[in-house]
Amino acid sequence: MGEKKTIGRQIAEAFGWLGADLKDIGTTFAQGDFRTRISYLIMGFGQILRGQFVRGIAMLASQGLLLYFIFGFGMQYLKDITTLGTSGRGFNPDGTVSYGDNSFFILLYSLLTIFAIAALILLWRINLYHNRDAQRLLAAGKKLPSNRQDLHSLLDHNFDKTLLALPCLGIFVFTVLPIIFMICVAFTNYDYNHQPPSQLFTWVGLENFKNLFSMGGDGYGSTFFTVLGWTLIWSFFATFLNYFLGMAVAILINQKGIKFKKLWRTILVMTIAVPQFVSLLYVGKMFAADGLVNSYLIKWGFITRAIPFWTNPLYARILIIVINLWVGIPYIMLIATGLLMNIPEDLYESAKIDGANPFQMFFSITLPYMLFVTGPFLLTQFIGNLNNFNVIYLLTQGKPQSMSLKGGAGYTDLLVTWLYKMTVNDTDYKTAAVIGIMVFVVTAVISLIVYNVLPSVKDEEGFQ
Amino acid sequence: MTKKKRIGLTISYIVLILISIIWLFPFFCLVLQSFRSYQTEFGGMVNYLVPKQFSLDSYKFLFTEGSQFTRWYANTFVIACVVSVLQTVVVICVSYALSRMRFAGRKLLMNIWLVLGMFPGFLTMICLYFLLKQMGLTQDGAVPGLILIYVASSGMGYYVCKGYFDTMPKALDEAARIDGASRFQILYQMIIPLSKPIIIYTMLVSFMAPWCDFVFASYVAFGKSDSYNVAVALQRWVWTNDYQGYFTRFCAGGILVAVPVTLLFMFLQKYYVEGVTGGAVKG
């Protein structure tokens, strides 16, 4: 790979490849025998006639199924894709129920149909390759791979296809399709006022994006930037405070002369082992207005009125970051412990002889090494924290809320928790979809920047 | 020098003891409050820590007819076990293909999955709900529905396992192939027996995840309390029924969930550490 190609060149290459491919389809037909030519219409025909039953029947069956799906099922939805349905559920003049269209299924099944068409084209092309290659092999006087060999290859040099088929199908149905669906929803008016089957939704272009960024009136602009700002601040502190303090704890336990190393580590690891919904819900309640912390502070006379830990925006934000230390330090400690042992001991010995104190040794040996080795990990941690739903939602559910924040957002809401509330509480799917896309944009931008800055991320094998 | 060292060590011990207290205190409180007597002191939030009267009221309540706690526990346990096995199989398949085999579109596939991973998981919640509903796997069918969702996307979590496979020398594969072993035999007879730590790690992590999931679980169960898992149910106890005295019951339920999971984790801690450390270094 190496140097980057310009986009212009990439496009030119793509067209060049497409041209060559079309030409190949043409020459295959021109030079093909009748088996190959009929395979242009009936997939697998040539393979079956040449005795490659496994391939042939697989091709024929997929063609049949896909065509049946596209014309028997998909087309009725795909034809409405431009309007997403015209009449919702209602009553006919004679009083019977008219079922009408359902925008949700029109959109979903249209996408599925488009994918089915793409799959059909791809299979058709592979089918042509099969025929072309079989013909060439026969012309050269060689034998075609037998059915047995074909089947066996699925466990051998085509084993990757066997292994990846089901996982890819699962990811397609439950990740790819829903994500594309939701990206489409971002361009519709699907919300509480437009819930199919009674109220249909339709395309509205960039309306929702404008609404999210517009500052005045009904726009979510100021709320969005407040939430985004806090999301970034939170991620920054949650990642780096945990990282440095976790490393400090690891160094503390790793010191020579400290006994019961395993015990200390095990105590810390408790927070990883106990399911978060138990520990975080409980800790959240400890700091409630009527919780243990406030009760004892009042009882012992330190304060007279409960400290509003969860109702004051600033307190709530600070407390969340602190409690997240409780959650996150053990994790970093575990990782750092393993890595610290990898640093060659003689580095420290020679530094000691040169008269370095522990702090100098930390900043000139330990830290650079750790940063280099865990650079990519910090990136994943940062992105994980951008989407750290559990800690925020179990502790505050994004509260405290305020009149100055729209869309049910609160001062400790991250973009993801806001998205969740939009979906579940407000059923404002269109805005939720736009926020989801924004999360993607933020994640992608940060990843790209870090990727270009960090030397160790670039190379898959570089930091071994 | 030795005196300085001793002071240093003493300070370290004090810090460590402080840390231990902070880390264990919430669990200590949780245990204490779960033993508070429901009869005499009610089950809500109170302003003292040590119960005036210890009793097993809250625990008894969990096993009465009125609470569906055993049902929720069974749901979660079934989900966790099935997901643990299936997800591990999927992850091993994907990791092996991506680590040991070179095929057209390998880089492309990894890049597409990387980009997909940048979308927040909750974005697709409504769509997943309707997909499951079409298959009849919501509400009454929430348990198989959740299993399906967890397992279906698990292929994308291959990083740690692939990282582990990458460290095994390729020469092993080549030697086996010269001896006439197929790719399937290599995976089944060579790689898997050598990968015990990473298999245990994957199973452990995927076993623990369903215990904590309350977002998808509550959305898919959609008010059908028979289909809740423990996280959904206990979270509802804390938030909606706080004033009806469910707080100590939450504590008791939390303990019953946390103890087996924690013990399992502690027992397999070695493998977990190996997995996360390896994953962190590989990125």
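**Entry 1. Chain B overall**

What percentage of the 283 residues in chain B is buried? I looked this up before anything else, bearing in mind that the model is predicted. Buried residues account for 43% of chain B. I then turned to secondary structure and found 15 helices and zero strands in chain B.

For the overall dimensions, I took the box along the principal axes, and the C-alpha atoms of chain B fill roughly 75 × 75 × 30 Å. I set the radius of gyration of chain B, 24 Å, against the value near 19 Å that a compact globule of 283 residues would have. I also checked the sequence range of the contacts in chain B: of those between residues at least 6 apart in sequence, 72% join residues at least 24 apart.

**Entry 2. Domains of chain B**

I consulted the domain assignment, which splits chain B into domain 1 (2-60) and domain 2 (63-282). I noted a distance of 32 Å between the centres of these two domains, taken over C-alpha atoms. Where they meet, 13 residues of domain 1 of chain B are in contact with 13 residues of domain 2 of chain B.

Which elements give two or more residues to the side of domain 1 of chain B that touches domain 2 of chain B? I found α1 (2-34) and α3 (57-62) of chain B. The largest share comes from α1(B), with four residues. By residue class, I recorded six nonpolar, five polar and two charged on this side of domain 1 of chain B.

**Entry 3. Domains of chain A**

I repeated the lookup for chain A, which is divided into domain 1 (32-205) and domain 2 (221-458). Their C-alpha centres lie 44 Å apart. The contact between them takes nine residues from domain 1 of chain A and nine residues from domain 2 of chain A. On the domain 1 side I recorded six nonpolar residues, two polar and one charged.

**Entry 4. Interface between the chains**

I next examined how chain A meets chain B: 74 residues of chain A are in contact with 66 residues of chain B. Which helix gives the most to the side of chain A that touches chain B? I found helix α7 (residues 159-185) of chain A, with 15 residues. The residues on this side of chain A divide into 50 nonpolar, 19 polar and five charged.

**Entry 5. Nonpolar core**

I looked up the largest nonpolar core and found that it has 170 residues. Those with the most contacts inside this core are L419(A), L146(B) and A217(B). Helix α4 (residues 69-100) of chain B gives the most to the core, with 13 residues.

I followed L146(B) further. Setting aside its neighbours within four places in sequence, I found L146(B) in contact with I79(B), F216(B), A217(B) and V220(B). One of these partners, A217(B), is also among the residues with the most contacts inside the core.

**Entry 6. Helix α7 of chain B**

I then inspected helix α7 (residues 142-152) of chain B, where 10 of the 11 residues are buried. Among the buried residues of α7(B) I noted L146(B), together with G145(B), I147(B) and Y150(B).

What covers the buried residues of α7(B)? I found that the cover includes α7 of chain A. From chain B, it includes α4, α6 (125-134), α11 (196-212) and α12 (215-221). Two of these helices had already appeared in my entries: α7 of chain A at the interface with chain B, and α4 of chain B in the nonpolar core.

Methods
Residues are numbered from 1 along each chain as its sequence is written. Chains are lettered from A and ligands numbered from 1 in the order in which they are written. This is a predicted model: local features need pLDDT of at least 70, side-chain atom pairs count only at pLDDT 80 or more; totals for chains, interfaces and linings use all residues. Domain bounds come from an automatic or database domain assignment. Two residues are in contact if their C-beta atoms, placed from the backbone, lie within 7 Å. Ala, Val, Leu, Ile, Met, Phe, Trp, Tyr, Cys and Pro count as nonpolar, Asp, Glu, Lys and Arg as charged, and the others, Gly among them, as polar. A nonpolar core is a set of buried Ala, Val, Leu, Ile, Met, Phe, Trp, Tyr and Cys residues joined through C-beta atoms within 7 Å. A residue is buried if 20 or more other C-beta atoms lie within 10 Å of its own, exposed if 12 or fewer, and partly exposed in between; C-beta atoms are placed from the backbone. The radius of gyration is taken over C-alpha atoms; the globule rule is 2.2 Å times the number of residues to the power 0.38.
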